[in-house]
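Me: I've got a structure here and would like to talk through a few spots in it. Can you take my questions one by one?

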Amino acid sequence: MVAGVVSFIVGLAAVLVTTQMIMLMVARVLQALGYVLVTTAATARITDLSAPEKRGAAIAQFGIAANLAMTLTPASTDAALRILTDVQIFIGAMVVAAVSGALALGFRERGESRATAQDRRLWILPPAIRQPWLAAVLLGVGFGVWLQFLPLLTIRRAVDATGLLYAIYGASIIVTRIVSGPWQDRGRERQLLVVGFAAVSISLGLFAFTQSLAYYMVATALMAVGGGLLHPLLMALHVRYMPAELRGRAVSTFYLGFDMGNGLGVWILGFALQWWGLTALFGLAMVSGLLGLALSLVRASGWQMQVPGLSADSL
């Protein structure tokens, strides 16, 4: 986590001292690297501290912190810009990151097991988590299209209420995490997956084929319900079916799938926007949600069966 904080702070500082495009890109890469390191390490830490029978709920509750930050920070920044400069805002972000690093220094390290020390593979995808991993990719595609193209959609369709919709999303996903947390560990994985992907699919369909603020508000709440159910559950499944000594690797494997959908998948679908327009873009994103729904309906060992005897040697 400390390395991630340092990378993030250096990235912020680089933005302030350069106007060259290449250096700005490097700065953004450093910020992204810091974000990935911190979120992965922090989530792995939560899985270490939580009991196995409550791990899904713990991950869901932990996610509330990130959702609060993402919901409150844009509005707070807009308000602060009335009295502060851009440079002061960035310096404030660096101070907040430094406080995060100071808190991380107080964490006691978990001893590295022999299996972890000997295993230097960059990526592990055992059969037990291939299905949850693919579901994470599909979720990333749907969520990424919504997140990145919502402002463009509301402007082009003359429903310019992006700030309101993001606020609805933030409030809805926090409520979803609180309400659904206890259900994450009750053997209802397939039901939650079906409900989650159904919500994401309906949400993207409403964005694709309607042009009403009222529908968009409903669609945004459904996206939050889907994400609030699926994100912690899929992460918990990755952790469950990887050996205990590879929990950090399990979390990073989940994020790799989710971010591949969010990044590479959205980039590919971006051509649909260029060629066919917003309806095609959100319609194809809806298809990714429907594929996730179909995947959730398939009874497979990765959803509800423990994998006996799974060890690092078997991976």
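Me: Is L103 buried or exposed?
Reply: This is a predicted model, and L103 sits in helix 4 there. The cut-off for calling a residue exposed is over 50% relative accessible area. L103 has 59%, so it counts as exposed.

Me: Which helix gives the largest share of the nonpolar patch?
Reply: The patch is made of L16, V17, V87, I91, V95, V99 and L103, with about 640 Å² of accessible area together. Helix 1 (2–17) and helix 4 (86–104) each put in at least two residues. The largest share is five residues, and those come from helix 4.

Me: On to the other side of the scale: is P232 buried or exposed?
Reply: P232 belongs to helix 9, which runs over residues 213–240. Anything under 20% relative accessible area goes down as buried. P232 comes out at 0%, so the call is buried.

Me: Which residues does P232 touch, leaving out those up to four places away in sequence? And how many Å apart are P232 and Q61, C-alpha to C-alpha?
Reply: The contacts of P232, with that sequence filter on, are G56, I59, A60, R177, Q184 and G227. Q61 is 171 residues from P232 in sequence. In space, the C-alpha atoms of P232 and Q61 are apart by 8.8 Å.

Me: Now some rings. How many aromatic pairs are there, and is the pair of F143 and W146 stacked, edge-to-face or tilted?
Reply: The count is twelve aromatic pairs. For F143 and W146, the ring centres are 6.0 Å apart and the planes meet at 35 degrees. Stacked needs under 30 degrees and edge-to-face over 60, so this pair goes down as tilted.

Me: About how many helical turns separate F143 and W146?
Reply: Both residues are in helix 6 (residues 130–156), and both are buried. They are three residues apart in that helix, so the separation is about one helical turn.

Me: Which residues do ring pairs link into a cluster with F143 and W146?
Reply: F143 and W146 are both buried. The cluster joined by ring pairs holds them along with Y166, Y169, F254, Y255 and F258.

Me: Last one, A158: where is it, what is its phi, and is it buried or exposed?
Reply: A158 lies in the loop between helix 6 and helix 7 (162–180). Its phi is positive, about 55 degrees, even though A158 is not a glycine. With 69% relative accessibility, A158 is exposed.

Conventions: Residues numbered from 1 in each chain as written. Predicted model: local features only at pLDDT ≥ 70, side-chain atom pairs only at ≥ 80, totals over all residues. Heavy atoms only, no water. Helix = DSSP H or I, 4+ residues; strand = E, 2+ residues; numbered from the N terminus. Buried < 20%, exposed > 50% of the residue type's maximum accessible area, 1.4 Å probe, protein only. Contact = heavy atoms within 4.5 Å. Patch = residues over 30% accessible without salt bridge, like charges linked within 9 Å, V, L, I, M, F, W, Y side chains within 5 Å. Areas by Shrake-Rupley, 256 points an atom, 1.4 Å probe, with all protein chains shown as cover. Salt bridge = Lys/Arg side-chain N within 4 Å of Asp/Glu carboxyl O. Phe/Tyr/Trp six-rings, centres within 6.5 Å; stacked < 30°, edge-to-face > 60°.
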